[in-house]
Amino acid sequence: MSNDTVTHSAARVAELAETLDAAALDGRTVHRPTDTGPLTLDEAYAIQRAVIERRRARGETPTGVKMGFTSRAKMVQMGVDDVIWGLLTDAMRVEDGGTLDLDGLIHPRIEPEIAFLIGRPLSGRVTSEEAARSLAGIAVAHEILDSRYAGFRFTLPDVVADNASASHYACGPWHHPDSRSLGNVGLTVEIDGRVVATGSSAAILGHPLRSLAAAARLAAEAGITLGPGQIVLAGAATAALPLPRGAHVRVLGAGLGQVEVTTR
Ligand code: OOG
Ligand code: MG
């Protein structure tokens, strides 16, 4: 690449990061970057990091990462076929039992997930078993998505740039990591006491620990380490569901308890 191309790319990354960050702050949709020109995955991840830098500048603290498109159900729902990640901050966290105000969100969706709590530094090419040894805890979790693109429609670089549609998340109580098998945990989503989706942790790359190993690989590629206290959301086990106002939403994981959030 010539220096001119590099400069052009850096300017576009900064501009798109500002646009996407403002869209999330204002709760409005913006054009997909790929509607106006090509965008590489490397550029898309640079935009994602720049969005998080802007959040850090406002006082937010990184809390971990979220894996995306780790299940067939999600790949089919969104029409993409590659595992990606997004970056989480403390401002996205909702306490278990807490209330989430949907004002300022565009078209929120809820996903049932498994969350991992890192106990020992994790980065690099590791097996699922090695990844498991880094863990301090596992929990059932909600991920609340909100795409900054109309109709939740995007190509892979677009959604990477938009921080993998990250909006909010809530984790249930942490369980000791080797006290149970994670390969086939039944997950149920209830809205106002009615079961609206069921799935299995087996839907997450065949085993959610594979998603943790994928997070370790992506961390190494990004030149970072997932450190103690950080969390990794393994990815949804079912398609995402529209999240209504005034709803009591509960995700239950067999043997992992539950996590609940009320919306308004
Ligand atoms: C992107 C985020 C996907 C998951 O769990 O697969 C994701 C989206 O579907 O908008 O979080
Ligand atoms: Mg998710």
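This report describes the surroundings of ligand 1 and of the magnesium ion (ligand 2) in a predicted model.

Ligand 1 sits in the largest cavity, and the elements that give two or more residues to the shell around ligand 1 are strand S1 (62–68), helix H3 (72–78), strand S4 (109–118) and strand S5 (135–145). Among these elements, S1 gives the most to that shell, with 3 residues. There are 17 residues around ligand 1, of which Lys66, Phe69, Lys74, Ser165 and Ala236 come nearest. Sorted by class, the shell around ligand 1 holds 9 nonpolar, 3 polar and 5 charged residues.

Oxygen atoms of ligand 1 also lie at short listed distances from polar side-chain atoms of the protein, as the table sets out for three residues.

| Residue | Distance from a polar side-chain atom to an oxygen atom of ligand 1 |
|---|---|
| Glu111 | 3.0 Å |
| Glu143 | 3.0 Å |
| Ser165 | 2.7 Å |

Of the 320 Å² of accessible area that ligand 1 has on its own, the protein covers 100%.

Two of the residues in the table, Glu111 and Glu143, appear again at the metal: the magnesium ion (ligand 2) is coordinated through OE atoms by Glu111, Glu113 and Glu143, at 2.0 Å. Along the sequence, the donor residues of this magnesium ion follow the spacing E-x1-E-x29-E. Glu113 in strand S4 and Glu143 in strand S5 are 30 residues apart, and this pair links distant parts of the chain.

Conventions:
Residues are numbered from 1 along each chain as its sequence is written. Chains are lettered from A and ligands numbered from 1 in the order in which they are written. This is a predicted model: local features need pLDDT of at least 70, side-chain atom pairs count only at pLDDT 80 or more; totals for chains, interfaces and linings use all residues. Side-chain values use heavy atoms; hydrogens and water are left out. A residue is near a molecule or strand if one of its heavy atoms lies within 4 Å of it. A polar contact is a pair of N or O atoms within 3.5 Å; within protein, one must be able to donate a hydrogen and the other to accept it, and residues adjacent in sequence count only if both atoms are side-chain atoms. Accessible areas come from the Shrake-Rupley method with a 1.4 Å probe; for residues, only the protein chains shown count as cover. On a 1 Å grid over the protein atoms alone, a cavity is a set of points where a 1.4 Å probe fits but cannot get out, and a pocket is an open set with protein on both sides within 12 Å along at least five of seven lines; lining residues have an atom within 4 Å of a point. A molecule sits in a cavity or pocket if more than half of its atoms lie within 2 Å of its grid points. Helices (H or I, at least four residues) and strands (E, at least two) are DSSP runs, numbered from the N terminus. Ala, Val, Leu, Ile, Met, Phe, Trp, Tyr, Cys and Pro count as nonpolar, Asp, Glu, Lys and Arg as charged, and the others, Gly among them, as polar. Donors are N, O and S atoms within 2.8 Å of the metal (3.2 Å for Na, K and Ca); water is not among the atoms, so sites may look incomplete.
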